[in-house]
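User: Please take a close look at a single helix of this structure and explain how it fits into its surroundings. I am new to the structure, so kindly define each term as it arises.

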Amino acid sequence: MAQPVRVLFVCLGNICRSPLAEATFRHLVREAGLEQRFHVDSAGTSSYHEGQAPDARAAEIARRHGLALSGRARPITADDIRRVDYAIVMDAENLRDVRRLADGVRRDAEVHLLREF
């Protein structure tokens with residue numbers, strides 16, 4: 001079996017937008033029966049909330065849509081850039097920050113805004 005496609009969703013603090021994107025993508029992958037084909041994670045461009053659970057407001061939005069947020073906030077690392085196939089960022093500032101990190105690690109990294117999809 002081929003290696004799973006590694007997708008990392010990235011926002012600023014990794015407590016709202018990227019965990020919601022991660023949970024949504026996991027749900028879509030599960031519905032399509034493709035769980036074995038993807039490895040999905042999320043991270044933040046800052047360490048402001050490192051170790052914290054997802055924001056209660058984000059968790060409530062997820063719950064209303066039948067999703068569950070899990071995990072703890074963590075900052076993106078150079079190892080993330082080396083390993084992922086796609087880094088999907090939430091806004092232009094995240095795009096700039098992740099591309100800056102990627103320039104020093106892996107210039108060919110696939111970094112995209114979520115709204116591109």
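Analyst:
**Helix H4 and its surroundings**

Four residues of H4 are buried, namely Asn 94, Leu 95, Val 98 and Ala 102. Buried stands for a relative accessible area under 20%, exposed for over 50%, and partly exposed for the range in between, with a 1.4 Å probe and protein chains only. The model is predicted, and local features need pLDDT of at least 70, side-chain atom pairs count only at pLDDT 80 or more, and totals for chains, interfaces and linings use all residues. Residues are numbered from 1 along each chain as its sequence is written, and side-chain values use heavy atoms, with hydrogens and water left out.

Viewed along the axis of H4, the buried residues fall within an arc of 100 degrees, so they line one face of the helix; the arc is taken over the directions from the helix axis to the C-beta atoms. On the face turned away from this buried side, H4 carries the exposed residues Ala 92 and Arg 100.

Helices (H or I, at least four residues) and strands (E, at least two) are DSSP runs, numbered from the N terminus. H4 contains 12 residues and reaches 16 Å from its first C-alpha to its last, close to the expected 16 Å; that expectation is 1.5 Å times one less than the number of residues. The N-terminal end of H4 is capped by Asp 91, a side-chain oxygen of which lies 3.0 Å from the backbone nitrogen of Glu 93.

The buried residues of H4 pack against S1, H1, helix H3 (78–83), S3 and S4, where a contact means heavy atoms within 4.5 Å. Leaving aside residues up to four places away in sequence, Val 98 touches Val 10, Thr 45, Ile 76, Ile 81, Ala 87, Val 89 and Val 111.

Val 98 also appears in the largest nonpolar core, which has 14 residues; Leu 8, Val 10, Ile 76, Ile 81, Val 89 and Val 111 are, with Val 98, those with the most contacts inside it. Such a core is a set of buried Ala, Val, Leu, Ile, Met, Phe, Trp, Tyr and Cys residues joined through side-chain atoms within 4.5 Å. At least two residues of this core come from each of strand S1 (5–11), strand S3 (86–89), helix H4 (92–103) and strand S4 (111–113). H4 supplies the largest share, three residues. Apart from this core lies another, of seven residues, including Val 7, Phe 9, Ala 21 and Ile 88.

Notes:
Polar contact = N/O pair within 3.5 Å; in protein donor to acceptor, adjacent residues only side chain to side chain.
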